Structure formats: structure tokens, C-alpha cells
Amino acid sequence: MRTILITGPGGSGRTTVAAATALAAARAGTRTLLLGADRDDTLGAALGVRTGPGPVTVEPGLTVRRPDAAEGFRDGLAALQNRAASALDLLGAARLDAEELTPLPGAEELALLRAVRDAALAEAHELLVVDLPPAPRALALLALPEELRRYLRRLLPPERQAARALRPVLGRLAGVPMPAESLYEAAARWDLELAAAEAVLADRHTVVRLVAEPGPAGADALRTARLGLALRGVCTDLLVANRVLPEDAPADSWLAGPLAQQRKALDEWQGAYDVRTVAHLGRDPRGADDLAALDAPGVNPDVTPVEWPVSDRLADDGVLVWHIPLPGAIRDDLDLVRRGDELVVTAGPFRRIVPLPSALRRCTVEGAALRDGTLAVRFAPDPRLWPRGR
């Protein structure tokens, strides 16, 4: 199954483009599922039908869903309370009733990730189109599975689960209760669920499609979003320039200024993105006919997966070089920290902790350079760890 994740600056019309993309794919004969995350039914407003937690068939081949974050949060917390009953009783904690639970920040993102994972596992559709939140929240959502899995592994390391049989004995020796079996089982289950969501996001058939309105504000937001996506290793396929004004407008009309800004932005974008334009209808699109009139781009089959290759320059320079593509990065906003077998990469407002490839774990960092949007980190073999004769 192919997956298109659609985001962009707030107010760029990403929801309309997501609906138009899904509708165009369905009318081309592709079984399509459209997922949205907004609490308000913005997808339903664009499609001209009401949508909700249950699947709604808009027309043959197109199904729409908006996961209910509140219901998912209540069910998840109720299950957690049941599994942690002994620990809660030990602490004298009172359980929360379902009626008093309201979703915490981040519940909507988790509900959407769960829906994306379930759709991919079900394999009932050929294309999944996801209307992500605006770019800053979308970047946080895309980072969530990897970061939560890292926290889980640090707090409850999988290798410690091998000592389950010893925990009662250790608890008696230490005089304090040891972590309950259910806690480790829950951690393993969460890790498995997060890994499934992470696998969908990292799949070579998953792409992020950016939507922006041509102009100064859209250009600034795109540069930031592109850098954040690159640091995550997420593949982008197209930039949809939305609400493009007609070029044949009279030169003396009020459109002259916006048209000039639009032309400048589009000229700049053409060199950095694969740009497709969607015309301004002169009104907010409502219903299938308006969405079809937008002529939104369909699936792009020619997408190159993102790679962070390691080049072997041991014979010439005595180093291995890790190439990390970071288009739009600025040298002064970059920072690298080696932390054991991990590299902490900071680029502008974004940070990611990535595990080193196995060969580089036996090396020391010799330096780094940013050229043409690619960060090249040089590693020299550590004589104490590098195999003899290499």
C-alpha cells in the first residue's frame, strides 16, 4: 500500500488538497482511504459529507475516517489501569472513571498514528492519504514513534526482561517491590505497536507531500519543514503550490501585487522542489465537483527513497564518511554530539538522536562539513576496536 502524508503551513489549504488527492485517486480506480486528524470536520466540509470515527463511503473507491482521540484515550487509560492494578493498590491510588477522562495533549497524534498503522496492517486499500496537522505539529507527530520507543528502551531495557524469574527473589532481598510482570509486558506491547507505526512512516512507499500558498510566508515555512523532514529521513515527493492566481489577470488590477509575489515564490521553488500547481477557484472548494476541478496531482511513482550512505575512503584518506542530506541547513545552526553508539544531530530548531551504523561505532569522529545541503561526518577507525588488517 502506498501512503501520502499531506501537510504544510497553517492556512495553506492542506485539507482541501488531501481531499482532492484522495478523490482523484479513487476516481482513477484506486481503492483509497482518507484519514484526518482535525477535531472539526474540515474534511467533511471539503467533501460535502459528514465524517467521523467510523468509515464513511464518499463514493465508490473512497472511504473517509477521523479517529476519535477521546475514545482511544479513555480505552487506553482504562486498560492501563487494569494492567497496573497491583501497583496502584500498593500506592493507595484511586482509579479514574471513564466519565472523568479527557484527552491529554498528544492524544490526537497518537490516535492518528494508530489509525495509520491499522490501515497499513489491514491491507484493505491500495492508497492511504493522511491529512496531517500543520507542519510544526506534523513534524512532532512523525518523530513520536521513534522517540517514544527510545524512552521505553531506556526506562525498561528489553534485556532486563530476561531476569523476570529473579524479580521476586530480588524484591525480597532488597525489601522493596520490584517492577511487576505486567509492566514489562505492557512495555513490550507498546514497543511493538510503536515499531509498526514507525515502519509505516519509514516505508519506501510512504511520502510526505507539502502544500503551500506561493508567497513569502509560505516560502519561510517550507524551508523549515523541509529541514525537519530531512533530519527525520522522511521522503518528500511533491510540493503543491495551492490557490495559484490566474496569470491573465489585468496588469492594472489589485491582483498585480499578489501575482508578482506568486511568480517570485514559484521561480524559487522550481529549483528546489518538484512543484505542481493547483488553481484558485475564486471560492472555497465544497463538494466533489469543486475538488475534481482542482485537478490535484495523483500518486508520484518516481520517488527516490532517502538514504544516509557511508562512503569508504580508508584507502585514500583513512576515514569513513557518513553523508546526511540536510537541505536548507545553515552551518551556524548545526550541532553534533557523539554519545556512545549514537549521534545527536541538531539542525535549526530540530534535534534527532540516531544510532550509528555498526562500522562507525568502532570509530572516532574526526570532523564534519556542510556542503551543498549535505552534512558529511568523518570517522577514523579506533585502533583499539578496529579489526587488524583492515
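A residue is called buried when its relative accessible area is under 20%, exposed when that area is over 50%, and partly exposed in between. The exercises below concern a predicted model.

**Exercise 1. The chain as a whole**

State what share of the 390 residues in the chain is buried, and how many helices and strands there are.

*Solution.* Step 1. Under the definition above, buried residues make up 43% of the 390 residues. Step 2. The secondary structure comes to 12 helices and 15 strands. Step 3. Contacts between residues at least 6 apart in sequence may then be considered: 68% of them join residues at least 24 apart.

**Exercise 2. The length and sides of helix α10**

Determine whether the span of helix α10 agrees or disagrees with its number of residues, and where its buried residues lie around the axis.

*Solution.* Step 1. Helix α10 covers residues 256-272, which is 17 residues. At 1.5 Å a residue the expected span is 24 Å, and the end C-alpha atoms are 25 Å apart, so the two agree. Step 2. The buried residues of α10 are Leu 259, Gln 262, Ala 265, Leu 266 and Trp 269. Step 3. These residues cover an arc of only 130 degrees around the axis, and therefore lie on the same side of α10. A general rule is useful here: an α-helix has 3.6 residues a turn, so residues three or four places apart point the same way. Step 4. On the face turned away from the buried side, α10 carries the exposed residues Lys 264, Asp 267 and Gly 271. Step 5. The cover over the buried residues of α10 includes strands β6 (206-212), β7 (236-244) and β8 (275-279), together with helix α9 (216-232).

**Exercise 3. Helix α9**

Compare the reach of α9 with the expected value, and list its buried residues.

*Solution.* Step 1. From its first C-alpha to its last, α9 reaches 25 Å with 17 residues, close to the 24 Å expected at 1.5 Å a residue. Step 2. Its buried residues are Gly 218, Ala 219, Leu 222, Ala 225, Leu 227, Gly 228, Leu 229, Ala 230, Leu 231 and Arg 232. Step 3. After the helix comes Gly 233, with a positive phi near 70 degrees.

**Exercise 4. The cavity and His 205**

Find how many cavities of 30 Å³ or more there are, and describe the lining of the largest cavity.

*Solution.* Step 1. The count is 1 cavity of 30 Å³ or more. Step 2. The largest cavity holds about 50 Å³ of space. Step 3. Its lining consists of Arg 2, Thr 3, Ile 4, His 205, Val 207, Asp 237, Val 299 and Asn 300. Step 4. Strand β1 (residues 2-7) supplies the largest share of this lining, 3 residues. Step 5. By type, the lining residues divide into 3 nonpolar, 3 polar and 2 charged. Step 6. One of the lining residues, His 205, is placed in the loop between α8 (181-202) and β6. His 205 is partly exposed because its relative accessible area is 25%. Step 7. Although His 205 and Arg 2 are 203 residues apart in sequence, their C-alpha atoms are 5.0 Å apart in space. Beyond its neighbours within four places in sequence, His 205 is in contact with Met 1, Arg 2 and Thr 3.

**Exercise 5. Positive phi outside glycine**

Decide whether Glu 123 and Arg 243 are exposed or partly exposed, and give the phi of each.

*Solution.* Step 1. Most residues other than glycine have a negative phi. Step 2. Glu 123, which is not a glycine, has a positive phi of about 55 degrees. Its place is in the loop between α5 (107-122) and β5 (127-131), and it counts as exposed because its relative accessibility is 62%. Step 3. Arg 243, in strand β7, also has a positive phi, near 55 degrees. With 26% relative accessibility, Arg 243 counts as partly exposed.

**Exercise 6. Two residues and their contacts**

Classify Leu 113 and Asp 341 as buried, partly exposed or exposed, and name their contacts beyond four places in sequence.

*Solution.* Step 1. Leu 113 lies in helix α5 and, at 5% relative accessibility, is buried. Step 2. The contacts of Leu 113 are with Leu 141, Leu 144, Pro 145, Ala 197 and Leu 201. Step 3. Asp 341 sits in the loop between β11 (334-339) and β12 (342-347); at 42% relative accessibility it is partly exposed. Step 4. Asp 341 is in contact with Val 354, Pro 355, Leu 356 and Arg 361.

Conventions
Residues are numbered from 1 along each chain as its sequence is written. This is a predicted model: local features need pLDDT of at least 70, side-chain atom pairs count only at pLDDT 80 or more; totals for chains, interfaces and linings use all residues. Side-chain values use heavy atoms; hydrogens and water are left out. Helices (H or I, at least four residues) and strands (E, at least two) are DSSP runs, numbered from the N terminus. The expected span of a helix is 1.5 Å times one less than its number of residues. Buried means under 20% relative accessible area, exposed over 50%, partly exposed in between (1.4 Å probe, protein chains only). The arc is that of the directions from the helix axis to the C-beta atoms. Contact means heavy atoms within 4.5 Å. On a 1 Å grid over the protein atoms alone, a cavity is a set of points where a 1.4 Å probe fits but cannot get out, and a pocket is an open set with protein on both sides within 12 Å along at least five of seven lines; lining residues have an atom within 4 Å of a point. Grid points are joined across faces, edges and corners, and a volume is the space filled by probe spheres set on the points. Ala, Val, Leu, Ile, Met, Phe, Trp, Tyr, Cys and Pro count as nonpolar, Asp, Glu, Lys and Arg as charged, and the others, Gly among them, as polar.
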